[in-house]
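Let's take a walk through this model, with the ligand as our starting point. Have the viewer open and follow along.

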Amino acid sequence: MNKLRMGIIGVGGIAQTRHIPAFQQLSDEVELIAVQDVNKERAQQVAENFHIPYVLDEYASLFPLVDAVTICTPNKFHAEITIAALNAGVHVLCEKPMAITTEQCEAMIQAAEENDRLLAIAYHYRYMQEAQIAKKAIQHHAIGDPLVARVQAMRRRKVPGWGVFTNKALQGGGSLIDFGCHLLDLSLWLMDDPKPVEVNAKTYNRLSKQPGQVNDWGTFDHETFEVDDHVTSYVTFENDLTMQFECSWAANIKEDHTTLSISGADGGLNVFPLELYQSDYGVVWNSQPVLKEDAPSEGYAQARNFVQSCLGNEELVVKPEQALKVTKLIEAIYASSGAGTSIKFT
Ligand SMILES: NC(=O)c1ccc[n+]([C@@H]2O[C@H](COP(=O)([O-])OP(=O)(O)OC[C@H]3O[C@@H](n4cnc5c(N)ncnc54)[C@H](O)[C@@H]3O)[C@@H](O)[C@H]2O)c1
């Protein structure tokens with residue numbers, strides 16, 4: 001069997017810590033051929049550290065060498081580079097968020113369709129063991145129809161102080177588009193893509209605009225801080241489903257926590273930690289699974305699904321049409337806060 005030839009564009013934090021090690025674990029199926037980064041020194045260093053043969057100056061020169069690329073640049077460049085890769089006949093695994101705007105996401109999907117290439121988005125929370133089991137439980141009607149989702153992606157004093165995470169033009173936003181997006185994607189996937197009806201939201205950045213903040217993840221300039229560090233939202237969906245959503249990089253709370261719990265008509269569940277809530281035989285039941293200690297990491301499972309899909313052996317777990325819906329919701333949340341009113345989906 002021929003190996004899938006893979007390139008990486010943008011070789012910063014996430015490329016080095018998640019994608020490159022995961023593809024190297026899949027060395028029977030994938031060969032890492034080339035890297036490209038606007039920071040040429042970093043590209044050279046990464047190629048040396050991970051024994052990757054080619055370093056290219058321009059992303060377009062990488063495409064003829066590979067069958068697939070993973071795109072790990074700041075969000076602003078996701079659409080442009082993805083479309084160029086697809087048009088060059090190359091499959092794409094693009095980091096999350098899919099892109100900054102709905103329009104960009106739609107153009108990416110169109111390019112994938114026109115060129116008959118795969119486009120996957122790195123919403124890796126779906127590959128967590130808890131998420132995979134929760135999905136199966138919901139598919140097997142363990143909770144009945146979902147009614148209410150409570151979603152929180154909360155960090156205490158952890159504004160990313162590296163890269164360009166606080167730059168609105170390059171990232172499109174802050175805590176919501178960077179961190180909250182994972183929990184939005186996971187919630188929509190678990191609830192089988194409910195159709196949003198209305199969003200009411202508020203974004204904040206008052207805390208990070210004050211000088212001298214305590215921050216556990218490096219330093220940032222409060223004067224140029226221009227994105228959200230905290231977001232709250234209430235979303236209604238068709239079929240009487242509602243979601244209470246909150247995310248933050250820098251909340252004044254006791255500790256970081258990630259919560260996704262869903263109450264359904266026949267039962268409920270919590271994803272982190274995974275628990276099922278049911279009522280039978282005249283009493284309520286709480287069940288906890290014994291999780292497998294040797295479950296593959298989500299980074300490895302994500303890479304494997306992408307590679308196997310490119311080789312024609314599996315279906316993508318994260319489809320671009322689903323990632324587009326996350327971006328639509330993010331856009332609506334920002335629009336609602338900007339307008340100071342709720343936004344209705346048409
Ligand atoms: N899935 C996750 O949990 C997760 C976690 C972190 C980051 N990310 C995503 O990954 C992407 C990168 O984040 P990161 O933490 O690795 O950032 P980073 O700043 O560490 O790395 C980004 C790299 O892209 C390079 N770059 C910038 N513009 C480029 C361009 N036009 N062409 C080629 N290279 C370019 C930079 O020089 C840098 O090396 C972002 O979209 C981010 O949202 C996802």
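What follows starts at the ligand and then turns to some backbone details.

Keep in mind that this is a predicted model. Start with where the ligand sits: that's the largest pocket. Domain 1 (4–125 + 299–314) and domain 2 (126–288 + 326–344) both give residues to the shell around the ligand, so the ligand lies between them. There are 24 residues around the ligand, and Gly13, Asp37, Arg42, Asn75 and His78 come nearest. Sort that shell by class and you get 11 polar, 8 nonpolar and 5 charged residues. Helix H1 (residues 13–25) supplies the largest share, with 3 residues.

Now zoom in on some polar atoms. Asparagine 75 places a polar side-chain atom 2.7 Å from an oxygen atom of the ligand. The backbone joins in too: a polar backbone atom of lysine 96 is 3.0 Å from a ligand oxygen, and a backbone N or O atom of valine 38 lies 3.5 Å from a ligand nitrogen. On its own the ligand has 840 Å² of accessible area, and the protein covers 87% of that.

Lysine 96 is worth a second look, since its peptide bond to proline 97 is cis, with omega near -10°. Proline 97 belongs to the loop between strand E5 (91–94) and helix H5 (102–115). Follow the chain past H5 and you reach aspartate 116, in the loop that leads to strand E6 (119–121). Aspartate 116 has a positive phi, near 55°. Most residues other than glycine have a negative phi, and most peptide bonds are trans.

Another cis bond joins phenylalanine 272 to proline 273, with omega near 0°. Proline 273 lies in the loop between strands E12 (268–270) and E13 (275–280).

Key:
Residues numbered from 1 in each chain as written. Predicted model: local features only at pLDDT ≥ 70, side-chain atom pairs only at ≥ 80, totals over all residues. Heavy atoms only, no water. Near = heavy atom within 4 Å. Polar contact = N/O pair within 3.5 Å; in protein donor to acceptor, adjacent residues only side chain to side chain. Areas by Shrake-Rupley, 256 points an atom, 1.4 Å probe, with all protein chains shown as cover. 1 Å grid on protein atoms, 1.4 Å probe; cavity = no way out; pocket = protein on both sides within 12 Å on 5 of 7 lines; lining within 4 Å. Sits in = over half its atoms within 2 Å of the grid points. Helix = DSSP H or I, 4+ residues; strand = E, 2+ residues; numbered from the N terminus. Nonpolar A, V, L, I, M, F, W, Y, C, P; charged D, E, K, R; others polar. Domains from an automatic or database assignment.
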